[in-house]
Amino acid sequence: MTGNTIINVGRSFGSGGGYVAKAIGKMLGLPVYDNELISRAAERSGYTADIFSREEEKRSLFSLSGFFASGRTSYMDSGYSKDAMLFNIQSEVIRDIASRESAIIIGRCADYILRDMDCLDVFICAPEEFRIKRLGEIEGLDRDQAEALIRRKDRTRETYYNYYTFGNWGVASNYDLCVDSSILGIEGTAEFIIEFGRKAGLVKI
């Protein structure tokens with residue numbers, strides 16, 4: 001238990017959840033951990049960041065040969081399967097962050113990893129039509145491309161989350177708050193989450 005403010009943000013692909021997390025971080029003056037988390041995990045484990053970035057949010061984390069950078073073997077010798085080992089390393093980094101500072105953590109099963117701490121666990125979603133349109137505008141994808149990408153990314157995130165947490169990704173009962181970002185937009189959703197967190201006593205800033 002710490003006095004830090006930790007907000008864990010899960011999100012459906014194309015909902016703008018990452019942007020909402022960054023908006024919350026800016027409003028509260030807190031660091032937002034996403035890709036940086038991968039670098040910290042790689043630095044701690046002795047693996048290059050490439051293995052984490054290529055396999056982030058996937059169940060299959062098996063191809064380690066060629067990525068072991070520093071010769072450190074404590075995790076390799078511990079008996080963990082390779083995918084569990086990488087998840088374990090990342091979990092240690094997340095717990096270390098939460099114990100030392102207030103922060104926003106995007107994805108990576110942080111709500112599950114920090115389930116014994118006082119955190120605000122949020123899931124950001126949006127209707128598929130909204131997400132298709134948004135990806136078309138931001139990424140220049142046509143409807144079929146956007147639809148296929150949404151399904152692939154959501155399936156990947158769901159598989160990863162469900163595998164490691166034994167829970168159900170995106171199911172409301174797993175979170176303190178589920179928000180449709182299409183209603184209030186990025187800034188409005190961020191403000192709403194902060195207000196909710198303060199009323200719940202989980203945002204202490």
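## Salt bridges, cores and a surface patch

The side chains of R108 and D34 come together in a salt bridge, 2.7 Å from N to O. Keep in mind that this is a predicted model.

Visitor: How many residues apart are R108 and D34?

Guide: R108 sits in the loop between β3 and α5. D34 sits in the loop between β2 (32–33) and α2 (35–45). So the pair links distant parts of the chain, and the separation is 74 residues.

Visitor: Are R108 and D34 buried or exposed?

Guide: The cut-off for buried is under 20% relative accessible area. R108 and D34 both fall in that class: buried.

Visitor: Which parts of the structure does the salt bridge between R95 and D116 tie together?

Guide: The closest N and O atoms of R95 and D116 are 3.0 Å apart. R95 is partly exposed at 31% relative accessible area, and D116 is partly exposed at 44%. The two are 21 residues apart in sequence, so the bridge ties together helix α4 and the loop between α5 and β4 (120–125).

Visitor: Which helix holds both K199 and E195?

Guide: K199 and E195 form a salt bridge, with 3.4 Å between the closest N and O atoms. K199 counts as exposed at 70% relative accessibility, while E195 is partly exposed at 43%. They are four residues apart, about one turn of the helix, and both lie in α8.

Visitor: How many salt bridges does the structure hold?

Guide: We've been through R108 with D34, R95 with D116, and K199 with E195. Those are among the structure's total, which is seven.

Visitor: Which helix supplies the largest share of the largest nonpolar core?

Guide: That core has 22 residues, and I6, L37, I94, I105, C109 and L114 touch the most other members. At least two residues each come from α4 (82–100), β3 (103–106), α5 (110–113) and α7 (143–165). The largest share is five residues, and it comes from α4.

Visitor: Which residues does L114 touch, leaving out those up to four places away in sequence?

Guide: L114 is one of the core members that touch the most others. With residues up to four places away left out, its contacts are I6, N8, I94, R95, A98, I105 and C119.

Visitor: What is the accessible area of the nonpolar patch formed by I183, L184 and F192?

Guide: I183 lies in helix α8 (residues 181–199) and counts as exposed, at 63% relative accessibility. Together with L184 and F192, I183 forms this surface patch, and the combined accessible area is about 300 Å².

Key: Residues are numbered from 1 along each chain as its sequence is written. This is a predicted model: local features need pLDDT of at least 70, side-chain atom pairs count only at pLDDT 80 or more; totals for chains, interfaces and linings use all residues. Side-chain values use heavy atoms; hydrogens and water are left out. Patches are made of residues with over 30% relative accessible area and no salt bridge: like charges are joined within 9 Å, nonpolar side chains (Val, Leu, Ile, Met, Phe, Trp, Tyr) within 5 Å. Accessible areas come from the Shrake-Rupley method with a 1.4 Å probe; for residues, only the protein chains shown count as cover. A salt bridge is a side-chain nitrogen of Lys or Arg within 4 Å of a carboxyl oxygen of Asp or Glu. Buried means under 20% relative accessible area, exposed over 50%, partly exposed in between (1.4 Å probe, protein chains only). A nonpolar core is a set of buried Ala, Val, Leu, Ile, Met, Phe, Trp, Tyr and Cys residues joined through side-chain atoms within 4.5 Å. Contact means heavy atoms within 4.5 Å.
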